[in-house]
Amino acid sequence: MMTKSFSFVPKNPTPLKLTLGLVFILTSILSTLNAQDSEDILWYSSPAEEWMQALPIGNGRLGAMVFGDPLKERLQLNEDSMWAGGPDWEDAQGAPEDLEMLRQLLREGKTAEVDSLIVEKFSNKTVLRSHQTMGDLFIDFKETGEISDYRRELDLNQALASTSYMLNGNHYTQKVFASQPDDAMVMELTTTSQKGLNLELSLSRPEDHGKATVSVSNPSQNQISMLGQVTQYGGKRFSKPLPIDHGVRFEVRLQVVAPDGKVTAKDGKVSVKGAKRALIFIVGNTSFYQGDNFSEKNDETLSKITQKSFASLLERHVSDYQPLYNRVSFELGEDNLNHIPTDERLKRCKEESTDLGLQSLLFQYGRYLLISSSRPNTNPANLQGIWNEHLEAPWNADYHLNINLQMNYWPAEVTNLSELHQPFFNLIDRVLERGRKTAKEQYGITRGTMAHHTTDLWATPFMRAERAYWGSWIHGGGWCAQHYWEHYQFTQDKGFLRNRAYPVLKDIASFYLDWLTWDPKSKKWISTPETSPENSYYNPNGKSAAVSMGSAMGHQIIGEVFDNFLETAQILNIEDELVEEVKTKRAALHPGVIVGKDGRILEWNEPYNEPEKGHRHMSHLYALHPGDDITENNPEAFAAAQKTIDYRLEHGGAGTGWSRVWMINLNARLLDGASAGENIQKFFEISLANNMFDMHPPFQIDGNFGYTAGVAELLIQSHEGFIRLLPALPPNWKDGKITGLKARGNIEVDMSWKNGTLEEVAFRSPSDTSITLKYGSSVVDLPIKANEEIKLNTNLTKTND
């Protein structure tokens with residue numbers, strides 16, 4: 001048995017009082033019983049003192065950050081549609097004549113002028129919106145005494161956050177989960193004390209800069225309610241040009257059930273006295289989903305669950321959650337450090353110690369977070385998933401389409417969570433429908449649609465920028481189109497291909513056909529005005545500029561859209577004039593991958609120098625990942641991609657968390673397991689908070705999702721028309737096992753390896769198919785019968801089971 005103690009000394013200690021002014025000692029007794037059998041657990045020996053230490057729960061739409069504080073517990077509440085404003089966003093300005101003017105200025109080399117004018121002419125000038133917190137639930141515990149044997153944890157296997165401790169010789173527990181089937185958060189509090197629980201619950205929400213948006217009422221049945229409307233009256237980033245005095249209306253409702261105790265709702269609070277067990281039900285709904293009936297929906301939800309036991313509700317929750325989570329399991333090495341608190345293990349990593357168990361845990365944590373923040377019929381995971389304590393979130397916690405939203409969904413297909421991709425498609429469908437107007441009115445393009453670099457709940461497609469450097473990029477729709485094609489590739493769902501992917505690819509391809517201009521210099525079709533997301537270059541006059549006559553990423557995305565459109569048309573047996581037009585322009589499209597004289601891939605059409613040589617975006621390597629044009633079969637581009645990465649890192653690149661995990665995915669595509677292992681270690685050293693959230697900084701959840709995708713990419717790749725096994729295994733991942741990964745073609749794959757060598761691999765398919773495998777220098781063709789598992793050994797020959 002191992003014992004660990006620590007002391008917490010507040011500014012104004014009050015001896016022997018269990019209040020926020022107490023000197024108390026929490027002792028964690030770590031036994032094999034305490035560690036439990038499950039390995040997929042984050043656990044801690046002290047409460048969360050700040051938000052980035054709290055633990056997330058969510059049902060896709062509704063969630064909370066759980067602090068585990070035995071003094072005054074806090075659940076910071078979230079819902080994914082908490083936005084100011086409405087679909088009445090004013091469209092951006094600009095006209096086709098403005099576009100032609102900018103193109104002419106670029107031809108004349110007046111890039112600095114274009115940088116200013118593109119925003120002036122085309123950007124929406126109204127105030128930006130931010131996703132907002134739904135508020136907080138506070139539980140004020142009235143007991144006094146010394147706490148010991150404290151433990152809080154997040155069990156990824158059950159999506160259950162728990163806290164337990166001893167107080168005055170009595171045992172206390174708290175368990176909370178966010179149920180998707182019951183559309184509620186459910187908490188159970190228990191004690192062995194003969195006096196029972198003695199506590200008070202309250203709801204609150206930050207005021208929107210002096211504008212009251214919340215009222216607390218006291219309905220019957222031991223309920224309290226927080227009713228309000230999201231507004232946006234200002235703050236340091238949102239004060240201009242106008243406040244937003246309307247938005248999504250919402251209600252949070254809380255009900256307490258404690259049959260063996262006394263429960264009283266009074267003055268906006270609920271008190272519990274003398275109960276050995278108390279159930280707390282938290283529901284929340286908004287006008288975005290329910291129209292005017294969001295409060296009635298809370299009534300309906302509570303009426304269905306408040307007579308049920310915690311055990312039965314937990315069973316329903318786990319039965320819904322585990323079929324998703326349990327599709328994939330992952331083990332690395334044999335060292336088991338589960339007896340050490342997660343934050344202490346992470347501290348060791350920051351001191352350059354390697355923890356393979358924590359690396360595998362973080363992979364599964366990414367899957368847990370996606371399940372918890374993206375379910376069919378919810379909004380997609382935003383920049384913070386659904387977990388946001390702010391009225392003014394960093395980067396608005398919105399949907400950035402120049403990598404961040406896409407990175408959120410990189411793990412969806414390969415880690416066997418394809419149905420969780422649906423919220424992404426639902427949002428982008430809305431964005432692109434509205435983008436038709438942007439394409440027509442701003443750019444004079446009557447065919448197809450487009451989207452710029454960011455959007456929000458209201459599906460805005462137009463430019464929202466103060467600087468061309470980050471805001472005037474036009475390929476948000478083009479990049480998102482890749483996800484529709486990838487979903488088909490992994491699922492082989494022809495209905496989806498025909499009804500959802502093909503219309504999007506057709507519309508984006510149509511827009512690009514009319515957007516491209518002929519360049520007499522290169523005798524190619526080029527995209528202009530262009531930017532490379534959030535980067536700039538030195539023009540011939542030595543001035544920094546962002547807008548250019550073509551960029552690598554722009555041409556790579558356009559080429560990919562054309563290719564995917566043509567392949568989709570072929571699968572669906574579509575032959576028409578549009579197909580022929582795309583073929584013609586694709587053949588004469590400016591290449592997206594050009595190797596410069598120094599051996600690196602050019603980021604723009606010309607070999608410009610750049611002010612930020614270690615820039616966080618690797619936009620010109622889109623064709624390597626997430627695209628698939630740069631492969632081992634193109635040795636010049638393959639080597640140039642590696643040199644491009646080396647140059648970025650030599651100049652301090654990959655400094656942010658999401659950029660580091662993008663680098664891991666790029667390493668994987670370059671079959672460079674050693675560099676991937678180094679970047680994984682660096683990610684643990686500098687980019688993770690105690691609750692294992694990625695710190696951009698500040699917090700951005702895309703780093704968590706990108707890491708999970710990167711791990712999968714190190715173990716299996718299928719973008720080249722065949723399946724690579726263990727293509728980029730980090731050297732210190734000597735022994736491991738993973739089950740349930742997906743390859744394109746709707747193939748499920750299990751693998752185990754020892755001493756860095758494949759030991760066994762198994763394949764499953766729901767239909768008869770044939771695949772090509774590559775492991776090392778070995779290549780084999782393998783027929784698979786529907787619903788039959790085939791196992792191969794290290795030599796890729798069948799085993800006799």
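Student: How many salt bridges does the count come to here?

Tutor: The count comes to 46, where a salt bridge is a side-chain nitrogen of Lys or Arg within 4 Å of a carboxyl oxygen of Asp or Glu. This is a predicted model, so local features need pLDDT of at least 70 and side-chain atom pairs count only at pLDDT 80 or more, while totals for chains, interfaces and linings use all residues. Residues are numbered from 1 along each chain as its sequence is written, and side-chain values use heavy atoms, with hydrogens and water left out.

Student: Cool, which residue forms a salt bridge with Arg 764?

Tutor: That is Glu 748, with the closest N and O atoms 2.7 Å apart. The pair links distant parts of the chain, as Arg 764 sits in strand β30 (residues 757-764) and Glu 748 in strand β29 (residues 747-754), 16 residues apart. Strands here are DSSP runs of E with at least two residues, helices are runs of H or I with at least four, and both are numbered from the N terminus.

Student: Which residues are linked with them in a network?

Tutor: The salt-bridge network holds Glu 748, Asp 750, Arg 764, Glu 789 and Lys 791.

Student: And how covered is Arg 764, in relative accessibility?

Tutor: Arg 764 is at 21%, so it counts as partly exposed. The scale is relative accessible area: buried is under 20%, exposed is over 50%, and partly exposed is in between (1.4 Å probe, protein chains only). Glu 748 is partly exposed too, with 24%.

Student: What about Arg 151 and Glu 153, buried or exposed?

Tutor: Both are buried. They form a salt bridge as well, with the closest N and O atoms 2.8 Å apart.

Student: Switching to sheets: what is the strand order in the seven-stranded open one?

Tutor: The order is β4-β5-β6-β7-β12-β17-β16, with antiparallel pairing. Two strands pair if DSSP finds at least two bridges between them. The edge strands, each pairing on one side only, are β4 (55-58) and β16 (262-266).

Student: How many bridges join β5 to β6?

Tutor: Five, and β5 (residues 62-66) runs antiparallel to β6. One residue to look at is Val 66, whose bridge partner in β6 is Leu 75. Val 66 is also the bridge partner of Leu 55. On to β7 (residues 135-141): β6 pairs with it over six bridges, again antiparallel, and Arg 74 has Phe 138 as its partner there.

Student: How many residues of β6 are buried?

Tutor: Seven of its eight, so to speak mostly covered, over residues 72-79.

Student: Any backbone oddities? Which residue in the β5 and β6 hairpin takes a positive phi?

Tutor: Gly 68 does, near 70°, and the hairpin has five residues between the strands. Most residues other than glycine have a negative phi, and most peptide bonds are trans. Glu 534 has a positive phi near 65° without being a glycine, and lies in the loop between β23 and β24. Asn 787 is another non-glycine with a positive phi, about 60°.

Student: Are those two buried or exposed?

Tutor: Glu 534 counts as buried at 13% relative accessibility, whereas Asn 787 counts as exposed at 66%.

Student: Last one: what is omega for the bond from Thr 528 to Pro 529?

Tutor: Omega is near -5°, a cis peptide bond. Pro 529 is in the loop between β23 (524-526) and β24 (537-538). The bond from His 625 to Pro 626 is cis too, with omega near 15°.
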